[in-house]
Amino acid sequence: MSETTDFLIVGGGSCGLHASGRNSGVLHAGFYYTADSLKARFSRDGNRELTEYCLERGLRINRCGKLVVARSEGEQAALEELFRRARTNGVEVERLGEGETARLEPTARTVGEALYSPTTSTVEPREVVASLARDAAGRGVEIRTGEAYLGREGDRAILTSRGRVSAGYLVNAAGLYADRVARDFGFASGHRILPFKGLYLYPAGDGRAPRMHVYPVPALDYPFLGVHWTATVDGRTKIGPTAIPALWREHYKGLANFRPRELVEIGMREADLWLRDSFGFRRLAWQEIQKRSKRRLVSRARELAPEATASGPWRWGSPGVRAQLLDLRTRRLEMDFRTEGDALSFHILNAVSPAFTCAFPFARHVADEIEALVERVPKTVPAPMLEGSG
């Protein structure tokens with residue numbers, strides 16, 4: 001079978017089964033990132049646009065705001081740097097003293113100043129993904145679920161589990177498999193996906209929990225934001241996440257989706273990072289593995305909100321896997337968006353947090369990059385139509 005459509009999306013069993021549907025749902029404001037990063041460019045506008053989208057579509061949104069609290073005086077310098085980045089990036093952030101922090105969020109505590117972000121909120125990711133899928137279908141986009149990408153066939157075709165598809169232009173947004181697809185097209189030669197498992201804890205019953213997000217001051221050289229309290233879209237709470245090195249790409253739970261070749265490949269890579277202690281991987285991995293203890297995770301969270309309580313035992317929520325790109329040459333994680341492409345295909349290799357927040361401006365950026373690549377093709381060559389695969 002060979003076919004062509006105006007715009008085709010090929011994917012898994014449903015929309016939002018992996019990163020898009022399993023993320024925290026937090027719409028970040030954009031003050032963590034340096035002004036020269038794509039994350040800084042897209043977070044502020046993405047927060048505003050996705051908030052407006054949810055309000056227009058009647059989707060659930062909890063406009064709760066966020067506190068970043070200090071656990072010691074030694075964290076004030078990093079807090080000051082976050083405030084400076086917020087001003088540089090044009091993000092609304094307020095400084096609060098200890099008393100103001102306690103009045104705004106009675107369960108939280110800060111040592112010295114805290115930062116308050118009024119535009120940080122929470123949505124339900126799968127609701128947003130489902131709404132976007134309906135919008136796409138309404139514009140004539142064909143979305144095929146349960147159809148796997150199997151490989152490349154020639155310059156302008158791919159092989160899927162349902163047959164051959166002629167692709168005028170291919171966009172690879174395959175997340176955990178983005179590097180594998182990209183290599184079929186001559187890209188990502190110096191990069192590989194390194195998966196990290198994220199877990200949240202939920203209280204079994206109601207208690208006295210923060211009404212807003214409460215985050216620690218992050219270590220600015222650390223790739224993750226640390227254990228925090230997240231206010232959910234329905235006004236409840238969860239704590240986490242972990243960022244435990246996973247042993248295969250879809251290493252969500254137990255031996256589900258187990259792939260021996262991935263275990264060997266990823267396990268050997270993580271062992272190399274551990275032995276060389278690249279980018280402090282040994283400390284990072286050990287700290288994250290320890291968070292698999294509920295007691296330790298709750299203890300870390302209560303450093304931020306010591307007055308918070310929960311009734312009943314804590315339970316693990318559905319896990320997610322972060323598709324983090326590793327630079328094989330430097331043995332360091334890529335911490336910003338990274339894409340590669342040419343006049344035939346475009347590959348989104350790294351789109352980690354806050355990619356969900358950044359989705360709308362990042363999508364425009366990708367479209368602009370593709371347009372620039374296609375325009376470089378000599379005018380004697382017919383301009384390809386656009387098709388997607390991800």
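**Close-up views of a predicted model**

**View 1. The largest nonpolar core.** In this predicted model, the largest nonpolar core is built from 21 residues, and those with the most contacts inside it are Leu-67, Val-69, Leu-201, Val-214, Trp-229, Ile-239 and Trp-314. At least two residues of this core come from each of β5 (66-69), β7 (114-117), β17 (228-231) and α9 (294-302). The most generous contributor is α9, which gives three residues.

**View 2. Around Ile-239, and a second core.** Let's zoom in on one residue of that core. Leaving aside residues up to four places away in sequence, Ile-239 touches Leu-199, Tyr-200, Leu-201, His-228, Trp-229, Leu-297, Val-298, Ala-301 and Trp-314. Apart from the largest core lies another one, of 18 residues, including Phe-31, Tyr-32, Ala-70 and Leu-82.

**View 3. A three-stranded open sheet.** Here the strand order is β3-β8-β4, with antiparallel pairing. At the edges are β3 (26-27) and β4 (61-62), each pairing on one side only. Two bridges join β3 to β8 (residues 121-123). Look for Leu-27, which stands opposite Ser-121 in β8.

**View 4. Cysteines without disulfides.** The model has zero disulfides by the sulfur-distance rule, whose cut-off is 2.5 Å. Why is Cys-15 unbonded to Cys-54? The Cys-54 sulfur is the closest cysteine sulfur to that of Cys-15, but at 16 Å it is too far for a bond. Cys-15 is partly exposed, at 35% relative accessibility. Cys-64 is in no disulfide either, and its nearest cysteine sulfur, that of Cys-54, is 13 Å away. Cys-64 is buried, with a relative accessible area of 11%.

Terms used: Residues are numbered from 1 along each chain as its sequence is written. This is a predicted model: local features need pLDDT of at least 70, side-chain atom pairs count only at pLDDT 80 or more; totals for chains, interfaces and linings use all residues. Side-chain values use heavy atoms; hydrogens and water are left out. A nonpolar core is a set of buried Ala, Val, Leu, Ile, Met, Phe, Trp, Tyr and Cys residues joined through side-chain atoms within 4.5 Å. Buried means under 20% relative accessible area, exposed over 50%, partly exposed in between (1.4 Å probe, protein chains only). Helices (H or I, at least four residues) and strands (E, at least two) are DSSP runs, numbered from the N terminus. Contact means heavy atoms within 4.5 Å. Two strands pair if DSSP finds at least two bridges between them.
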